[in-house]
Amino acid sequence: MQVNIFEAKNRLSQLIKSVQAGEEVVIANRGEPVARLVPARETSSATSDTGNARAILHWLERHPLPDYARRSTEEIDAAIEQERQSWD
């Protein structure tokens with residue numbers, strides 16, 4: 001996509017969203033390209049896999065919960081059941 005300087009100034013936040021979505025934005029002065037908006041850093045494969053179960057599990061392995069926040073399956077099931085009963 002190519003936009004002129006005035007348009008880029010007025011639509012900067014929209015253009016940045018386009019760049020984040022993978023589109024390249026060229027800024028022109030009187031039709032002559034002078035600048036290019038590109039992502040500040042390369043998109044990693046882990047970022048593009050956001051929401052992927054394998055990526056989530058990998059993240060959890062690298063960022064484990066602290067001991068005080070861990071609960072067993074039985075504790076979680078009991079909490080769910082208690083919440084369900086509170087609705088009756």
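Strands E2 and E3 form a hairpin, and two residues sit between them. Arg30, in that turn, has a positive phi of about 55°. Please keep in mind that this is a predicted model. The two strands of the hairpin run antiparallel, and five bridges join E2, which covers residues 25-29, to E3. Two of the pairings can be found by name: Ile27 has Ala35 in E3 as its bridge partner, and Ala28 is partnered by Pro33 in E3.

**The sheet around the hairpin**

The hairpin belongs to an open sheet of three strands, with the order E1-E2-E3 and mixed pairing. Its edge strands are E1 (2-4) and E3 (32-37), each of which pairs on one side only. On average, neighbouring strands of this sheet are turned by 35° against each other, direction ignored. As background, strands of a sheet pair through backbone hydrogen bonds, and the sense can be parallel or antiparallel. Here E1 and E2 pair in the parallel sense over three bridges, while E2 and E3 run antiparallel. On the E1 side, Gln2 stands opposite Val26 in E2.

How much of E2 is covered? Four of its five residues are buried, so the strand is mostly covered. Helix H2 (residues 12-20) packs on the sheet and touches E1, E2 and E3. The direction of H2 makes about 140° with that of E2.

**The core and its contacts**

Which residues make up the largest nonpolar core? There are six of them: Val3, Ala8, Leu15, Val19, Val25 and Ile27. H2 and E2 are the elements that give two or more residues to this core.

Ile27 deserves a look in your viewer. Leaving aside neighbours within four places in sequence, Ile27 is in contact with Val3, Asn4, Ile5, Ala8, Glu32, Pro33, Val34, Ala35 and Leu37. Two of these contacts, Val3 and Ala8, are listed with Ile27 in the core, and Ala35 is the bridge partner already mentioned.

Ser18 is another residue to follow, and its place is in helix H2. Is Ser18 buried or exposed? Its relative accessibility is 16%, so Ser18 counts as buried, the cut-off for buried being under 20%. With neighbours within four places in sequence left aside, Ser18 is in contact with Met1, Glu23 and Val25. Val25 is one of the core residues as well.

**Salt bridges**

Now to the charged side chains, where the count comes to three salt bridges. They are set out here with their N to O distances.

| Acidic residue | Basic residue | N to O distance |
|---|---|---|
| Glu7 | Arg11 | 2.5 Å |
| Glu24 | Arg36 | 3.6 Å |
| Asp67 | Arg70 | 3.7 Å |

What does the pair of Arg36 and Glu24 tie together? Arg36 lies in strand E3 and Glu24 in the loop between H2 and E2, so this salt bridge ties together parts that are 12 residues apart in sequence. Arg36 has 54% relative accessibility and therefore counts as exposed. Glu24, at 39%, counts as partly exposed.

For the pair of Glu7 and Arg11, the relative accessibility of Glu7 is 29%, which makes this residue partly exposed. Arg11 is also partly exposed, at 27% relative accessibility. In the remaining pair, Asp67 counts as exposed because its relative accessibility is 64%, where exposed means over 50%. Its partner Arg70, at 48%, counts as partly exposed.

**The chain as a whole**

Stepping back, the secondary structure of the protein chain comes to five helices and three strands. From the N terminus on, the elements run β-α-α-β-β-α-α-α. The chain has 88 residues, of which 10% count as buried. Its accessible surface comes to about 7900 Å², and 52% of that belongs to carbon and sulfur atoms. Among contacts between residues at least 6 apart in sequence, 21% join residues at least 24 apart.

Methods. Residues numbered from 1 in each chain as written. Predicted model: local features only at pLDDT ≥ 70, side-chain atom pairs only at ≥ 80, totals over all residues. Heavy atoms only, no water. Pairing = 2+ DSSP bridges. Axes fitted to C-alpha atoms, helices over the stretch in contact; angles between N-to-C directions. Contact = heavy atoms within 4.5 Å. Salt bridge = Lys/Arg side-chain N within 4 Å of Asp/Glu carboxyl O. Buried < 20%, exposed > 50% of the residue type's maximum accessible area, 1.4 Å probe, protein only. Core = buried A, V, L, I, M, F, W, Y, C linked by side-chain atoms within 4.5 Å. Areas by Shrake-Rupley, 256 points an atom, 1.4 Å probe, with all protein chains shown as cover.
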